[in-house]
Amino acid sequence: MPYLGCHLSASAGNMAMVQTARSIGADTFAFFTRNPRGSKAKKLDLSDCAAAMAALETWGFGKVVAHGAYTMNLCTADSEARAFAAEVLCDDLRRMAALPGQYYNFHPGSHVGQGTAVAVEQIADALKKAMAPGYPVTVLLETMAGKGSEVGGRFEELKAIIDAVGSKELGVCLDTCHVYDGGYDIVNDLDGVLAEFDSVVGLHRLKALHLNDTKNPFASHKDRHECIGQGSLGLEAFRRIVNHPLLRDKPMILETPNELPGYAAEIRLLREMMI
Ligand code: FE
Ligand code: FE
Ligand code: ZN
């Protein structure tokens, strides 16, 4: 069975997130390593990290999926801003090492006119600098909707980054809203999309999912999340996703427009659909 969770506020610390997750029936969760639209990070509390790690183990949680800031654009054309983003990535990965074995996911970035090939090299350079050999956290590239000049809207682009980094440790987090908006039809052909992912990237790289319905029609390249079952993906698509044999045992994170009670209800709904 997949693990289910949602985005939680990191302000009260890691142990508090584990407890909150448990209180809403989740057995994984996501959090922003810093303000999602800013760059400030909280002071690292190592004893809180250790307590959270022990609680994850005790309560049988799946991997936790931390999320880098949306503003961190590793392939912006502005070299100063790009260097700053690379520093933010280094700092995030240094801090994440206090949660060994977990996942760190981020948006590859937007190339803002430089072209995908240049962007792939810039993203890979930043990753190579930030990931020391034997780095204890698996870094995940998120599949994007292909909005504007976003990199990662095609599986081939993610594979190009992975190849340029040359790291065995890099994985992918598949966002259901993003891939559908990006033109992968997971409603009518989930098996076909997973087969395509396997042939381009390799299913062994698929480590986590973001479960979001979408406000927009297929291949709209828009990226607007909707609550589960209320958008163009629809409930049946999610029934197939949570029960798919190739997606078993993966953390699935809700990023739907909800507060905690809404997330709790979606987790219950998805669990009820699991066979
Ligand atoms: Fe994301
Ligand atoms: Fe996402
Ligand atoms: Zn999104």
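Okay, let's start at the metals: 5.4 Å separate the zinc ion (ligand 3) from the iron ion (ligand 1). Keep in mind that this is a predicted model.

Zinc side, then. His178 and His225 each give NE2 to the zinc ion (ligand 3), Asp223 gives OD, and the distances run from 1.9 to 2.3 Å. Along the chain, those donors are spaced H-x44-D-x1-H. So where do His178 and Asp223 sit? His178 is in helix 6, while Asp223 is in the loop between strand 8 and strand 9, 45 residues apart, and the pair links distant parts of the chain. Both of those residues are buried, by the way.

Now over to iron. The iron ion (ligand 1) has His67 and His107, both through NE2, plus Glu142 through OE, at 2.1 to 2.2 Å. The spacing there reads H-x39-H-x34-E. Again distant parts of the chain get linked: His67 belongs to strand 3, and His107 lies in the loop between strand 4 and helix 4, 40 residues apart. His67 has 1% relative accessibility, so it counts as buried. His107 comes out at 15%, and therefore counts as buried too. And Glu142 has a second job: it bridges the iron ion (ligand 1) and the iron ion (ligand 2), with 3.1 Å between the two ions.

Last stop, helix 8, residues 234-242. Buried here are Gly234, Ala237, Phe238, Ile241 and Val242. Look down the helix axis and the buried residues fall within an arc of 125°, so they line one face. That fits the general picture: an α-helix has 3.6 residues a turn, so residues three or four places apart point the same way. And what covers the buried residues of helix 8? Among the elements doing it are helix 6, helix 7, strand 7 and helix 9.

How values were computed:
Residues are numbered from 1 along each chain as its sequence is written. Chains are lettered from A and ligands numbered from 1 in the order in which they are written. This is a predicted model: local features need pLDDT of at least 70, side-chain atom pairs count only at pLDDT 80 or more; totals for chains, interfaces and linings use all residues. Side-chain values use heavy atoms; hydrogens and water are left out. Donors are N, O and S atoms within 2.8 Å of the metal (3.2 Å for Na, K and Ca); water is not among the atoms, so sites may look incomplete. Helices (H or I, at least four residues) and strands (E, at least two) are DSSP runs, numbered from the N terminus. Buried means under 20% relative accessible area, exposed over 50%, partly exposed in between (1.4 Å probe, protein chains only). The arc is that of the directions from the helix axis to the C-beta atoms. Contact means heavy atoms within 4.5 Å.
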